[in-house]
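Welcome! Let us take a walk through this structure together, beginning with the ligand and what is around it.

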Amino acid sequence: MNSVFTPGNPPTAEQIAALAIVIGPNLKTDEPMAPKTSMRVGGRAAAYAEIRDPRYLVAALSICASENVAWTVIGLGSNLLVRDEGFNGLIVRLAGDFTKVTVDGYRVRAGGAVPIVSLCREAAKHGLTGVEGLVGIPGTVGGAVRMNAGTDVEVGDVIDRVEVVVAGEKLQTFTRPEFAYRRSSLDRSAVVCAAEMVLTPGEPREVQAELRKRIDRRNATQPLELPNSGSIFRNPPGDHAARLIETAGCKGWRVGAAEVSTKHANFIVNTGGASCADVLSLIERVRAEVREKHGVALETEVHVL
Ligand SMILES: Cc1cc2nc3c(=O)[nH]c(=O)nc-3n(C[C@H](O)[C@H](O)[C@H](O)COP(=O)(O)OP(=O)(O)OC[C@H]3O[C@@H](n4cnc5c(N)ncnc54)[C@H](O)[C@@H]3O)c2cc1C
């Protein structure tokens with residue numbers, strides 16, 4: 001099966017027509033992807049669709065699986081770079097039914113397209129604690145589950161069940177998938193449609209105050225005024241990528257309009273008109289310098305399509 005991250009030929013007119021039958025008018029071709037990522041770089045998707053209903057998702061992915069059309073899913077593109085050459089396949093973004101949050105006692109069910117900030121606000125409204133540490137992560141629940149996004153708290157800490165669609169199969173539920181630092185055990189061809197979390201009762205005013213404190217801290221320490229993708233590199237065990245990059249002297253390094261942030265060394269910012277190639281080249285230069293100066297091989301956290 002030709003699945004996520006697989007380059008290849010663009011879908012044929014017949015394959016696009018087959019996808020259009022199940023997806024409907026939401027299917028677009030030759031769609032610019034830069035505006036759908038927080039770094040604001042990259043090329044076009046051969047096909048792009050916002051899918052609102054799990055049944056359409058199952059149908060579209062089963063066409064991709066049987067027709068060997070490359071595909072992937074994106075959330076808010078906050079940990080994602082699309083190459084300048086674009087993506088020769090279908091890019092799916094969840095919408096509609098996937099944007100709902102329901103709260104039943106301490107159990108919160110959030111659709112895969114729910115922004116993390118909405119999840120945090122909804123939990124706070126119900127006086128539930130456990131997800132405050134995620135506030136300020138500018139992605140979706142689906143992206144956060146895939147990445148096991150987090151800070152001192154990770155999304156995997158509170159997940160009880162996830163509902164996924166695997167290409168060519170039906171909607172399935174997994175109880176407590178395994179999570180590690182910025183990784184989940186979910187198959188790469190699984191689309192997270194919803195996640196159920198079990199939270200703890202808290203004091204609404206305290207939960208709100210904690211959210212505020214964490215947002216203020218981010219505003220003070222992250223270069224949020226310019227397009228970026230959050231942390232570019234994973235922290236190596238026992239250390240911080242930002243410390244290694246800063247002490248290697250890479251802060252302020254530039255390739256084209258991509259710059260290693262002078263505010264937070266593990267961020268690369270698009271100072272205006274950067275290409276994806278600029279960002280990727282800067283990533284490789286920083287990686288080489290850190291290896292040279294510290295003997296550490298940094299692993300990329302950001303996903304590249
Ligand atoms: C300013 C800033 C601050 C950030 N701070 C943090 C932080 O503190 N901690 C942290 O962990 N991350 C942080 N990030 C990175 C990013 O926000 C998270 O990784 C987030 O979880 C990505 O979610 P997304 O919806 O944007 O996913 P995308 O960037 O769109 O996609 C990321 C990956 O997830 C996959 N994916 C997306 N949706 C789904 C889905 N429904 N099902 C299956 N796979 C899916 C994509 O295929 C891709 O591989 C930050 C980013 C920015 C820009």
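A good place to start is Val-192, where a backbone N or O atom lies 2.7 Å from a nitrogen atom of the ligand. Keep in mind as you look that this is a predicted model. Another backbone contact comes from Leu-76, with a polar backbone atom 3.0 Å from an oxygen atom of the ligand. His-303 takes part through its side chain: a polar atom there is 2.5 Å from an oxygen atom of the ligand. On its own, the ligand has 960 Å² of accessible area, and the protein covers 96% of that.

Now step back and look at the whole shell. The ligand is surrounded by 36 residues, and His-303 is among the closest, together with Val-73, Gly-75, Ser-78 and Thr-140. By type, the shell holds 16 nonpolar residues, 17 polar ones and three charged ones.

Where do these residues come from? Elements that each supply at least two of them are β3 (71–74), α4 (141–147) and β13 (190–198). The biggest share is that of α4, which gives five residues. Both domain 1 (13–94) and domain 2 (97–220) contribute to the shell, so the ligand lies between them.

Finally, let us turn to the aromatic rings. The charged end of Lys-36 sits over the ring of Tyr-48, at 4.6 Å from the ring centre. In a similar way, Arg-55 has its charged end over the ring of Tyr-56, 6.0 Å from the centre. As for rings paired with one another, a search of the whole structure turns up zero aromatic pairs.

Technical notes. Residues are numbered from 1 along each chain as its sequence is written. This is a predicted model: local features need pLDDT of at least 70, side-chain atom pairs count only at pLDDT 80 or more; totals for chains, interfaces and linings use all residues. Side-chain values use heavy atoms; hydrogens and water are left out. Rings of Phe, Tyr and Trp (its six-membered ring) pair if their centres lie within 6.5 Å; planes under 30 degrees apart count as stacked, over 60 as edge-to-face and the rest as tilted. A charge sits over a ring if NZ of Lys or CZ of Arg is within 6 Å of the ring centre and within 35 degrees of the ring normal. A residue is near a molecule or strand if one of its heavy atoms lies within 4 Å of it. A polar contact is a pair of N or O atoms within 3.5 Å; within protein, one must be able to donate a hydrogen and the other to accept it, and residues adjacent in sequence count only if both atoms are side-chain atoms. Accessible areas come from the Shrake-Rupley method with a 1.4 Å probe; for residues, only the protein chains shown count as cover. Helices (H or I, at least four residues) and strands (E, at least two) are DSSP runs, numbered from the N terminus. Ala, Val, Leu, Ile, Met, Phe, Trp, Tyr, Cys and Pro count as nonpolar, Asp, Glu, Lys and Arg as charged, and the others, Gly among them, as polar. Domain bounds come from an automatic or database domain assignment.
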